[in-house]
Amino acid sequence: MSQISFSNEVAMLRFEKGWLLLIPLTLALSTIHCQIFEGDIETELKECVQLNQNKTSDRSAVYASTEDIYTHCLQLFLWKSEIVQWKGFNITEKDRDFINSLIGSFVRSGRTKRQTNQAYPQTGFRIRREYRMLSVEERTAFHSAINQMKMTGQYDVFANLHQGAILNLIHGGPNFFGWHRVYIALMEEALRRIDPSLSLPYWDSTLDFDMVNPDNSIIWSSQFLGNGGGVVATGPFANWATPIGQLTRNISRAGILFRKEDISAIMTRCRISDISEPTALDQFNLELAHGGPHIWVGGQMSGLNTAAHDPAFFLHHAFIDYIWDMFRWNQIQVCGINPLTDYQTTLGVRAAQPMAAFPAYRNIVGYSFDWSNHWYAYERSPTCSWSRPFCGTPYLRCDITRQRCVSVERTEEEFPTRRTGTPTLRIGPRFRSPPTDPRILNARKK
Ligand SMILES: [Cu+2]
């Protein structure tokens, strides 16, 4: 043996012939696992560290130090070794089988190495619509299926996948889009196993941003997501427990919702690297923009480890996925670029690597056309005009001067805990957000 080095999570033993022995020390492992890698891994490791260090922009929020970069790269190889792909999650074998059963429904039987091949989902094709476009019955069915998943523990199994070591691999680069696409599609599949008529609604937060005061949106009423201030005590998810305490929100204290202008700006770009971390300029950066509503909603939604415990997460991410879908069509039709070959290796996260939490897939599967061909499509978010001054639902109205649909206000009062302040929760690291909505800042000045 020629050398031993340690990061905070891994001991790396280096042998003469280029062999490496990596021993994870923590990562929530119950026992210590060992794995021997062959020499070419070392080259990859070097490349990974270099890629990170060469980043010229100031996205240091994600990787603050060389130590962080090293840990990230080592984690990557531990994932590749498959020994920690599941062990990092505190879930039972039964939970893992549940997740795998959703995956199994659309990987073709007798599959070969070409894992981008996907079959049709077990529960069929679905159309995703804006949350406010659902009928009362459809909304109730959606809420009750989510609650059923919560009761059986399936919801928390999903929410807990979005935490810990894998966060590095699924944020901060183009993998953000593909991973979250798969993640929410599997969640939707789980919902449809309960009720095959369901699909995941999306929350188009531009419809709220365009209100005079987005805080008053009907979204934060008992008919929709429940109250937006303090402990969630009204609506379908009232009194939900999460690993860090009661489900809580603190809307409109920081962050910013999506603006139609942000989305139009993103649509002027052609390459995935133009709209993703760490290469995109802020005004075209879709991952950065997605942090705005996370922070705007507050509570669990504002933290990387906790966000998925608020069902708002899945509606928000369905909207990100919708924007990405439009971007991909634009790539094909306007830019003449094949989105499937436009995957960029960033931060050492490669297209061919097993997907975090879903190791039956490669990262590139998230970029496959099968999702839009066989799985789901988006119904366009409602628009209105002088000649057609309505939005097709009682929950949206046409702002005729701007020819845009905007959310109606709720009639309910905000839940009283808002006034007594929100409980302090150990949220942990938070999403990065674009600059705060000026309306929030102006309100503070008063
Ligand atoms: Cu995420």
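**Chatting through hairpins, helices and a core**

Me: Which residue in β14 is the bridge partner of R397?

Reply: V406 is the bridge partner of R397 in β14. Keep in mind that this is a predicted model.

Me: Noted. How many bridges join β13 to β14, and do the strands run parallel or antiparallel?

Reply: They run antiparallel, with four bridges joining β13 to β14. Another of the pairs is D399 with R404 of β14.

Me: What do β13 and β14 form?

Reply: A hairpin, with four residues between the two strands. Q403 sits in the turn and has a positive phi of about 50°.

Me: Where is Q403 placed, in terms of the strand ranges?

Reply: Q403 is in the loop between β13, residues 396-399, and β14, residues 404-407. Its positive phi occurs in a residue other than glycine.

Me: Is Q403 buried or partly exposed?

Reply: Partly exposed, because Q403 has 14 C-beta neighbours inside 10 Å, and a residue needs 20 or more to be buried.

Me: Back to β13 for a sec. Which residues are on its covered face, and which on the uncovered one?

Reply: L396 and C398 make up the covered face of β13, while R397 and D399 are on the uncovered one. As a general point, side chains in a regular strand alternate between the two faces of the sheet.

Me: OK, other hairpin. In what sense do β10 and β11 pair?

Reply: Antiparallel, over two bridges, with β10 covering residues 354-355 and β11 covering residues 358-362. M355 has F358 of β11 as its bridge partner.

Me: How many residues are between the strands there, and which one takes a positive phi?

Reply: Two residues lie between the strands, and A357 takes the positive phi, near 75°. Here too the positive value is in a residue other than glycine, and A357 is placed in the loop between β10 and β11.

Me: And is A357 buried or exposed?

Reply: Buried, because A357 has 25 C-beta neighbours inside 10 Å.

Me: Switching to backbone geometry: which peptide bond is cis?

Reply: The bond from E277 to P278 is cis, with omega near -5°. P278 is in the loop between α10 (272-275) and α11 (286-297).

Me: Helix packing next. How do the axes of α4 and α7 cross?

Reply: The axes come within 9 Å and cross at roughly 100°, with α4 spanning residues 136-152 and α7 residues 175-194. That crossing angle is why the two helices count as roughly perpendicular to each other.

Me: Which residues make that contact?

Reply: From α4, A145, I146, Q148 and M149; from α7, A190, L191 and I194. Six of the contact residues are nonpolar, one is polar and none is charged.

Me: While we're on α4, what about H143 — buried or partly exposed?

Reply: H143 is found in helix α4. It counts as partly exposed, because it has 18 C-beta neighbours inside 10 Å.

Me: How far apart are H143 and P311?

Reply: In sequence they are 168 residues apart, and in space H143 and P311 are 9.5 Å apart, C-alpha to C-alpha.

Me: Now the inside. How many residues does the largest nonpolar core have?

Reply: The largest nonpolar core has 90 residues, and V182 and M187 are those with the most contacts inside it. In soluble globular proteins generally, nonpolar side chains tend to be buried together.

Me: What does M187 touch, beyond residues up to four places away in sequence?

Reply: M187 touches F158, L200 and F314.

Me: One more residue: where is I263 found?

Reply: I263 is in helix α9, residues 260-266. I263 counts as partly exposed because it has 19 C-beta neighbours inside 10 Å, and the cut-off for buried is 20 or more.

Me: What does I263 touch?

Reply: T206, F258 and I323, leaving out residues up to four places away in sequence. I263 and A289 are 9.3 Å apart, C-alpha to C-alpha, and 26 residues apart in sequence.

Me: Last one, the whole chain. How many helices and strands are there?

Reply: The protein chain has 15 helices and 14 strands. Buried residues make up 45% of its 446 residues. Among contacts with a separation of 6 or more, 67% are between residues 24 or more positions apart.

Conventions: Residues are numbered from 1 along each chain as its sequence is written. This is a predicted model: local features need pLDDT of at least 70, side-chain atom pairs count only at pLDDT 80 or more; totals for chains, interfaces and linings use all residues. Two strands pair if DSSP finds at least two bridges between them. A nonpolar core is a set of buried Ala, Val, Leu, Ile, Met, Phe, Trp, Tyr and Cys residues joined through C-beta atoms within 7 Å. A residue is buried if 20 or more other C-beta atoms lie within 10 Å of its own, exposed if 12 or fewer, and partly exposed in between; C-beta atoms are placed from the backbone. Two residues are in contact if their C-beta atoms, placed from the backbone, lie within 7 Å. Axes are lines fitted to C-alpha atoms, for helices over the stretch in contact, and angles run from 0 to 180 degrees between N-to-C directions. Angles under 35 degrees count as roughly parallel, over 145 as roughly antiparallel, 65 to 115 as roughly perpendicular and the rest as oblique. Ala, Val, Leu, Ile, Met, Phe, Trp, Tyr, Cys and Pro count as nonpolar, Asp, Glu, Lys and Arg as charged, and the others, Gly among them, as polar.
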